[in-house]
Amino acid sequence: MLVLFQRETCPGCKPVRELLTRLQVSYMNINVPKPRDDRHELIRVTGSKYIPALVDGATVVRRLSAC
């Protein structure tokens, strides 16, 4: 299953959520804190502190935008 690291108020995350919904792709949201230095799980999984980031097993798509 796809995992989307995101924040509800992130302007770059909304289009990703909308596209996944429009394509009827199942995914799980993980909301991250606003302060980038507090995004420990995101950094551990993706190696980056920027959202949105999509993870599918070992495949990571980072920096879809710069939030």
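**Reading helix, sheet and core in a predicted model**

Q: Arginine 17 lies in helix H1, but how are the helices and strands named?
A: Helices (H or I, at least four residues) and strands (E, at least two) are DSSP runs, numbered from the N terminus. This is a predicted model, in which local features need pLDDT of at least 70 and side-chain atom pairs count only at pLDDT 80 or more, while totals for chains, interfaces and linings use all residues. Residues are numbered from 1 along each chain as its sequence is written, and side-chain values use heavy atoms, with hydrogens and water left out.

Q: Is arginine 17 buried or exposed?
A: Buried means under 20% relative accessible area, exposed over 50%, and partly exposed in between (1.4 Å probe, protein chains only). Arginine 17 has a relative accessibility of 13%, and therefore counts as buried.

Q: Which residues is arginine 17 in contact with, leaving aside its neighbours within four places in sequence?
A: Contact means heavy atoms within 4.5 Å, and by that rule arginine 17, with its neighbours within four places in sequence left aside, is in contact with Leu4, Gln6, Arg7, Glu8, Tyr27 and Asn29. With glutamine 6 there is also a polar contact, side chain to side chain, at 2.4 Å; the term stands for a pair of N or O atoms within 3.5 Å, where within protein one must be able to donate a hydrogen and the other to accept it, and residues adjacent in sequence count only if both atoms are side-chain atoms.

Q: Which residues of H1 are buried, and where do they fall when seen down its axis?
A: The buried residues of H1 are Cys13, Val16, Arg17 and Leu20. Seen down the axis of H1, they fall within an arc of 100 degrees, so they line one face of the helix; the arc is that of the directions from the helix axis to the C-beta atoms. These buried residues pack against E1, E2 and E3. Just after H1, glutamine 24 has a positive phi of about 60 degrees.

Q: What is the order of the strands in the sheet?
A: Two strands pair if DSSP finds at least two bridges between them. Here 4 strands form an open sheet with mixed pairing, in the order E2-E1-E3-E4, and the edge strands, each pairing on one side only, are E2 (27-31) and E4 (59-61). Strand E1 (residues 2-6) is joined to E2 by 5 bridges in the parallel sense, and leucine 2 has tyrosine 27 in E2 as its bridge partner.

Q: Which residues make up the largest nonpolar core?
A: A nonpolar core is a set of buried Ala, Val, Leu, Ile, Met, Phe, Trp, Tyr and Cys residues joined through side-chain atoms within 4.5 Å. The largest has 9 residues, namely Val3, Phe5, Cys10, Cys13, Val32, Leu42, Ile51, Ala53 and Val55, and at least two of them come from each of E1 and E3. A second, separate core of 5 residues includes Leu2, Leu4, Val16 and Leu20.

Q: Is methionine 1 buried or exposed?
A: Methionine 1, in the segment before E1, is exposed, with a relative accessible area of 65%. Not counting residues up to four places away in sequence, methionine 1 touches Ser26, Tyr27, Met28, Val55 and Asp56.

Q: Where does glutamate 41 lie?
A: Glutamate 41 lies in helix H2 (residues 40-46), and its relative accessible area of 38% makes it partly exposed. Its side chain is joined to that of arginine 44 by a polar contact of 2.7 Å.
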